[in-house]
Amino acid sequence: MSEIIRNRYDFVVLFDVENGNPNGDPDAGNMPRTDPETGCGLVTDVCLKRKIRNYVEMVKEDDPHFGILWDIEHSDKIYGDNFLPFYETVKPRLRHVHVKDHVRMPDGTFKLCHVGDGDIPIAAIVKKLIEDGFDGYFSLEWEKKWHPELPDCDTEFPFYHDFMENCLK
């Protein structure tokens with residue numbers, strides 16, 4: 001049996017919330033996410049990952065196998081061009097970076113776009129990580145399923161590849 005499979009963990013996260021907002025929608029003024037058909041609250045995979053990450057960080061604080069994935073588009077919604085405070089917080093455990101880009105709209109919303117065509121300072125982020133000795137992974141996060149207006153991944157991936165290759169020079 002391979003090491004990857006031998007060290008795999010399956011677990012269940014079960015929680016109940018009453019009169020609370022466990023997963024506010026930042027694109028809707030942090031209002032609770034609800035199923036439009038049932039009116040029941042929804043908790044996204046991102047929220048569950050955050051709750052699991054926080055738990056694992058508390059329990060596995062000194063474990064060298066534990067790392068952080070940074071989605072630069074999510075942090076940009078809070079920090080904008082000033083990514084350094086967030087980066088400094090995650091830097092010691094940073095292992096993987098999700099790359100996507102958006103345009104900050106005048107009404108406070110965000111519109112996803114080609115990597116490098118938006119407002120996220122991706123080139124500056126990549127440069128800073130490389131200067132600091134980052135040896136983890138960069139990956140394109142392309143959310144066509146949730147944003148059908150985006151081009152297909154087979155169109156975006158070569159664009160992403162060329163952009164990142166220029167950033168890494």
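Me: How many bridges join E3 to E4, and do they run parallel or antiparallel?
Reply: This is a predicted model, and in it E3 and E4 run parallel, joined by four bridges.

Me: Which residue in E4 is the bridge partner of Leu 69?
Reply: That's His 96. His 96 also has a bridge partner in E7, namely Tyr 137.

Me: OK, so what about E4 and E7, how many bridges there?
Reply: Four bridges, with E4 (residues 94-99) and E7 pairing in the parallel sense. Further along, His 98 in that pairing stands opposite Ser 139 of E7.

Me: What's the strand order in the sheet, and is the sheet open or closed?
Reply: The order is E3-E4-E7, in an open sheet of three strands with parallel pairing. Strand E3 (68-71) and strand E7 (137-140) are the edge strands, each pairing on one side only.

Me: What does the twist average?
Reply: From one strand to the next, the twist averages 25°.

Me: Which helix packs on the sheet?
Reply: Helix H3, residues 72-79. Helix H3 touches E3 and E4, and its direction makes about 60° with that of E3.

Me: Switching topic. How do E5 and E6 pair, parallel or antiparallel?
Reply: Antiparallel, over four bridges; strand E5 covers residues 101-104 and strand E6 covers residues 110-113. As for who faces whom, Val 103 stands opposite Lys 111 in E6.

Me: And how many residues sit between E5 and E6 in the hairpin?
Reply: Five residues. Gly 108 is in that turn and has a positive phi of about 90°.

Me: Now the surface. Which residues form the nonpolar patch?
Reply: Tyr 55, Met 58 and Val 59. Together they have about 360 Å² of accessible area.

Me: Where is Tyr 55 found?
Reply: Tyr 55 is in helix H2, which spans residues 45-59.

Me: Is Tyr 55 buried or exposed, and why do you call it that?
Reply: Exposed, because the relative accessible area of Tyr 55 is 51% and the cut-off for exposed is over 50%.

Me: Back to the sheet for a sec. What are the two pairings of His 96 again?
Reply: His 96 of E4 is the bridge partner of Leu 69, and Tyr 137 in E7 is the bridge partner of His 96.

How values were computed:
Residues are numbered from 1 along each chain as its sequence is written. This is a predicted model: local features need pLDDT of at least 70, side-chain atom pairs count only at pLDDT 80 or more; totals for chains, interfaces and linings use all residues. Side-chain values use heavy atoms; hydrogens and water are left out. Two strands pair if DSSP finds at least two bridges between them. Axes are lines fitted to C-alpha atoms, for helices over the stretch in contact, and angles run from 0 to 180 degrees between N-to-C directions. Contact means heavy atoms within 4.5 Å. Patches are made of residues with over 30% relative accessible area and no salt bridge: like charges are joined within 9 Å, nonpolar side chains (Val, Leu, Ile, Met, Phe, Trp, Tyr) within 5 Å. Accessible areas come from the Shrake-Rupley method with a 1.4 Å probe; for residues, only the protein chains shown count as cover. A salt bridge is a side-chain nitrogen of Lys or Arg within 4 Å of a carboxyl oxygen of Asp or Glu. Buried means under 20% relative accessible area, exposed over 50%, partly exposed in between (1.4 Å probe, protein chains only).
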